[in-house]
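Student: I have a model open on my screen and I'd like to learn how to read it. Can you take me through it feature by feature?

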Amino acid sequence: MAQQSVTKIILTGAIAGIIGGGAILYGQRGVENLQATTQKVNTKATKTKTISDNATATSAYGKISDAVVSVLNFSKSGTNSYQESSEGSGVIYKKAGDAAYVVTNNHVINNAAQIQVMLHDGKKVTATLVGKDAMTDLAVLKIDPSVVTTTADFGDSSKIQVGQKVLAIGSPLGSEYASSVTEGIISAKKRLVASTSENGQNYGGSTVIQTDAAINPGNSGGPLVNFQGQVVGINSMKLSSSASGTSVEGMGFAIPSDQVVDVVNKLVRDGKITRPAIGIGLVELSAVTVDDQKTLLKIPTSVNGGVVVMSTTQNGPADKAGLKKYDVITAINGKKVTGQADLREELYKHNLNDTVTITYYHQEDKKTVKVKLTQKLES
């Protein structure tokens, strides 16, 4: 039966999730975090200029290297002493008032009793946690601005191109190799990488940049940089093996800078991230066979992308708006939705209690409906 085949897709757990969910970059088999054992900051992505013909890895590194730091995570050891438990990387992106701000990965500073930052010149300073967000695996620290000489600029990650050269800068294997730089290319602009939370909850996936620039444990939180010397991503994880156990090389992932900018500003402002949800269970249309699309979903053959509603939260936003099982969402506020990554990207641009316009197909009928985002995502 057609219905059974669609149900089977969901039960296999390929890409089904609850939208309103985020993704924590933890725990998926073969995916490794790259780490061994209320003042508003108006940061924004800078318009990326055309990269000049004489731009080189050396010139790009020179523009940003002093802003790249090592982040040291200390655990409590005894009554009044601390012991270093792990190291990662970070990048100083802003000086404002009495603080300089550092972005890193949440998993770099997770469970830290004390955090230190080692600057490019080797000087170590104490850092204070401003806020963290497990779902995007981002955290913001602040340090004494008097020790900061250089801050990094964010580039526009929506403008990156496949094949474009990039650098990964950080502290692979720890601060002993601080300020290491590797070169590679953008392998893919958008990948939806499935992963789970620390407690095993499946949040679906996270949209990341794929690169073949060499990144290793300790690179977590360091910048992915274009040849203009701008941060286009924050390195967060790599794929070390496939689901079948096949060894993998050259598949690293970075959180896009446009997403980073949005998250760090909210963390500095509020200390946390509150996400809206529309309250649906879904499967991507691309995972449904052509026959099922015709006989079960009954959508026009011209519809070639979207997400299929498989369930709705009772009295949730989608339910109240009249969305039903097997409806196919194709746009939010006029922005095309080809899959779960697009849906998340558009949804998370909004705040709790915002109203969005959802375009969807109910069988052959194309419809729009206004949905108030009253459901809060619980992580």
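Student: Which strands close into a barrel, and in what order?

Tutor: Before that, a word on the source. This is a predicted model, where local features need pLDDT of at least 70, side-chain atom pairs count only at pLDDT 80 or more, and totals for chains, interfaces and linings use all residues. Residues are numbered from 1 along each chain as its sequence is written, and side-chain values use heavy atoms, with hydrogens and water left out.

Tutor: Now the vocabulary. Helices (H or I, at least four residues) and strands (E, at least two) are DSSP runs, numbered from the N terminus. Two strands pair if DSSP finds at least two bridges between them. Here, six strands close into a barrel, in the order β3-β4-β5-β8-β7-β6, with antiparallel pairing. On average, neighbouring strands of this sheet are turned by 40° against each other, direction ignored. For angles, axes are lines fitted to C-alpha atoms (for helices, over the stretch in contact), and the angles run from 0 to 180 degrees between N-to-C directions.

Student: How many bridges join β3 to β4?

Tutor: Nine, and the two strands run antiparallel. To find your place, look for Lys-76, whose bridge partner in β4 is Tyr-82. β3 and β4 form a hairpin with five residues between them, and Gly-78 in that turn has a positive phi of about 85°. β3 is also joined by five bridges to β6 (residues 114-118), again antiparallel; there, Leu-72 has Gln-116 as its bridge partner.

Student: And where does β5 pair with β8?

Tutor: Residues 99-104 make up β5 and residues 138-143 make up β8; five bridges join these antiparallel strands. One pair to click on is Val-103 with Val-140 of β8.

Student: Is β3 enclosed or open to solvent?

Tutor: Start with the cut-offs: buried means under 20% relative accessible area, exposed over 50%, and partly exposed in between (1.4 Å probe, protein chains only). β3 is largely enclosed by the rest of the structure, because seven of its nine residues are buried. Across the protein chain, buried residues make up 52% of the 379 residues.

Student: Which helix lies across the strands β4, β5, β7 and β8?

Tutor: That's α4 (residues 257-270), running at about 55° to β8. The protein chain has seven helices and 22 strands.

Student: How do I read which side of a helix is buried? Take α5: which residues are buried there?

Tutor: In α5 (residues 290-297), the buried ones are Asp-292, Gln-293, Leu-296 and Leu-297. Seen down the axis of α5, its buried residues fall within an arc of 105°, so they line one face of the helix. That arc is the one spanned by the directions from the helix axis to the C-beta atoms. On the face turned away from the buried side, α5 carries the exposed residues Val-290, Asp-291 and Lys-294. Just after α5 comes Lys-298, with a positive phi near 60°.

Student: Why would I notice a positive phi?

Tutor: Because most residues other than glycine have a negative phi. Asn-315 has a positive phi of about 65° although it is not a glycine. Asn-315 sits in the loop between β17 (307-312) and α6 (317-321), and is exposed, with a relative accessible area of 52%. Asn-353 has a positive phi too, near 80°. Look for Asn-353 in the loop between α7 (340-347) and β20 (355-362); at 46% relative accessibility, Asn-353 counts as partly exposed.

Student: What is Asp-66 in contact with, leaving aside its neighbours within four places in sequence?

Tutor: Contact means heavy atoms within 4.5 Å. By that rule, Asp-66 is in contact with His-120, Thr-149 and Thr-150, once neighbours within four places in sequence are left aside. Asp-66 lies in the loop between α2 (57-64) and β3 (68-76) and is partly exposed, at 33% relative accessible area.

Tutor: Chain distance is another thing to check. Asp-66 and Asp-121 are 55 residues apart along the chain, yet their C-alpha atoms are separated by 7.9 Å.

Student: Is Gly-279 buried or exposed?

Tutor: Gly-279 is buried, with a relative accessible area of 1%. Find Gly-279 in the loop between β15 (276-277) and β16 (280-284). The C-alpha atoms of Gly-279 and Lys-376 are 9.1 Å apart, with their positions 97 residues apart along the chain.
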